[in-house]
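Good morning, and thank you for making time for this presentation. Please look at the sequence and the structure as they come up, and I shall then take you through them region by region.

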Amino acid sequence: MTLPKVDIDCSKIFHNAQCLITQLGLKNISVTPVTKVFLGHPLIAEILIKAGAKTFADSRLENIQRLAQAGITQPKMLIRTPMLSQVTEVVKYCDISLNSEVDVIQQLSEAAKLTNTCHKIIIMVELGDLREGVMPERLIGFIQQIVTLPNINIMGIGTNLACRYGIATDHEKMALLSKIADELEAKFKLKFQMISGGNTASIDWALNNTRATRINHLRIGEAIFLGFDSLTQHQITGLHTNAITLTAEVIESKIKPSLPWGKRGTNAFGEKEEILDRGCVSQIIVALGRQDVCIAGLTPPDGMTIMSSTSDHLIIETSTESVMVGQTVKFNLDYSGLLSAMSSCFVRKSFNLIKVSQ
Ligand SMILES: *Cc1c(COP(=O)(O)O)cnc(C)c1O
């Protein structure tokens, strides 16, 4: 057994995906699973297809290429606005991309023309979280510049909330996006197929909303894999929150003073935290460090407190009976923990492939 490793319970991911696809489907909202935390892993794509996924989304071209090369034929959506330097590959591997720059869309049009394909785009609208998107008052001028471009199909509009500043999805934002869709359709004689209302942070609004809106699509990653709403830090009812765990091994276990001694500067990371003398403590070192995972994204088992971390060592104080060298410790992960652990080449990925019936 090679440690550290993430254990991925595919049956729980299947359940989460199926629940969300079904429940949001009842609200006439289609779900495109976002595979970026799994780097476009084909095994996860297969599970999601069994759970009802009809399309896939990822923020990185490499991950979308990986899906394509594994024979995943479902339409693929690039959810980060394309780099100008990648438009040829974007048109080749992605059916749809989210966009917020005229220059990029012009280049996508050129690239699509060369290969005689049609590239679909969703225009992102800025609704206050201040990441990607065209300011609402600039949309008409924006669309004027792209509406006649050949080989480009303006499939709809979308927005992204919650990621940068935690700005919530609410009825006001979704009603505004709907109204913008109506106005743009009327102005440009278009018919939008997709109004994409955001990510995991929009689920709570979508499931509880009873008023008519144009929102008919969400792009969802975190809720499928972690069962959490990042905005409220609450479990989403009915979803598993422990589908993915991280296990690492104890390499030292000792009683040590809590107070270091000697002349003191900053540590290896330029940090200098306050230290209280709490007498002697039970301290373990786990073979897991900042090169493996974002430590702030870990939740240790009850009775253990993460005190410090360095590149390769995680220092934990334990209140329970003494932990022995060679024992393992299992951590729960939040989004930052999951993203970093899955992206680290030092962390083995172990898929628990329970058979799922359709
Ligand atoms: C990552 C991402 C998503 C998915 O977000 P989750 O919080 O994981 O559901 C959706 N849209 C865009 C543009 C993203 O970058």
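Let me begin with a question: is Leu 39 buried, partly exposed or exposed? Leu 39 is partly exposed, because its relative accessible area is 28%, and partly exposed covers the range between under 20% and over 50%. Please keep in mind throughout that this is a predicted model. Leu 39 sits in the loop that runs between β2 (30–33) and α2. Its backbone also deserves attention, as Leu 39 has a positive phi of about 55° although it is not a glycine.

From Leu 39 we can move directly to helix α3. Asn 63 lies in that helix, and Leu 39 is one of the residues that Asn 63 touches. The others are Lys 36, Gly 40 and Asp 58, leaving aside residues up to four places away in sequence. Asn 63 has a relative accessible area of 8% and is therefore buried. It shares that status with Leu 61, Ile 64, Gln 65 and Leu 67, which are also buried residues of α3 (residues 61–69). The elements that cover the buried residues of α3 include α2 (42–50), β3 (56–58), β4 (76–78) and α4 (87–93). Just after α3, Gly 71 takes a positive phi of about 90°.

I turn now to the N-terminal part of the chain. Leu 3 and Pro 4 are joined by a cis peptide bond, with omega about 0°. Pro 4 belongs to the segment before β1 (5–9). Lys 5 and Asp 7 form a salt bridge in which the closest N and O atoms are 3.3 Å apart. Lys 5 is buried, at a relative accessible area of 12%, whereas Asp 7, at 21%, counts as partly exposed. A salt bridge also links Asp 9 and Lys 12, with 3.9 Å between the closest N and O atoms. Here both Asp 9 and Lys 12 are buried.

Lys 12 brings us to helix α1, where it is among the buried residues, together with Cys 10, Ile 13, Phe 14, Asn 16, Ala 17, Cys 19, Leu 20, Ile 21 and Leu 24. Helix α1 (residues 10–26) has 17 residues and extends 24 Å from its first C-alpha to its last, close to the 24 Å expected at 1.5 Å a residue. Just after α1, Asn 28 takes a positive phi of about 60°.

Let us return to charged pairs. Side chains of opposite charge can pair when their charged atoms come close. How many salt bridges does a search of the whole structure find? It finds 10. One of the pairs is in helix α7 (residues 171–188), where Glu 183 and Lys 179 lie 4 residues apart, about one turn of the helix. Their side chains meet in a salt bridge at 3.7 Å, N to O. Glu 183 is partly exposed at 44% relative accessibility, and Lys 179 is partly exposed at 48%. There is also a network of salt bridges that links Asp 182, Glu 185, Lys 191 and Arg 214.

Ala 175 is likewise found in helix α7. Ala 175 is partly exposed, with a relative accessible area of 29%. Its C-alpha atom is separated by 8.6 Å from that of Ile 215, 40 residues away along the chain.

Next, the domains. An unreviewed UniProt entry places the feature "domain: Alanine racemase N-terminal" at residues 8–225. Over those residues the chain is 42% helix and 17% strand, and the end C-alpha atoms are 9 Å apart. The domain assignment of the protein gives domain 1 (9–226) and domain 2 (244–352).

How far apart do the C-alpha centres of domain 1 and domain 2 lie? They lie 37 Å apart. At the interface, 14 residues of domain 1 are in contact with 10 residues of domain 2. Together the two domains bury about 1100 Å², 74% of it on carbon and sulfur atoms. Val 37, Phe 38 and Leu 226 supply 44% of the area that domain 1 buries against domain 2, more than any other three residues. The count of salt bridges between domain 1 and domain 2 is 0.

My last stop is Gln 233, in the loop between β10 (228–229) and β11 (234–235). Gln 233 has a positive phi of about 60° although it is not a glycine. At 59% relative accessibility, Gln 233 counts as exposed.

Thank you for your attention.

Note on methods. Residues numbered from 1 in each chain as written. Predicted model: local features only at pLDDT ≥ 70, side-chain atom pairs only at ≥ 80, totals over all residues. Heavy atoms only, no water. Salt bridge = Lys/Arg side-chain N within 4 Å of Asp/Glu carboxyl O. Buried < 20%, exposed > 50% of the residue type's maximum accessible area, 1.4 Å probe, protein only. Helix = DSSP H or I, 4+ residues; strand = E, 2+ residues; numbered from the N terminus. UniProt positions renumbered as here; feature names shortened; annotations may be inferred. Expected span 1.5 Å × (residues − 1). Domains from an automatic or database assignment. Contact = heavy atoms within 4.5 Å. Buried area = accessible area lost by both parts, 1.4 Å probe.
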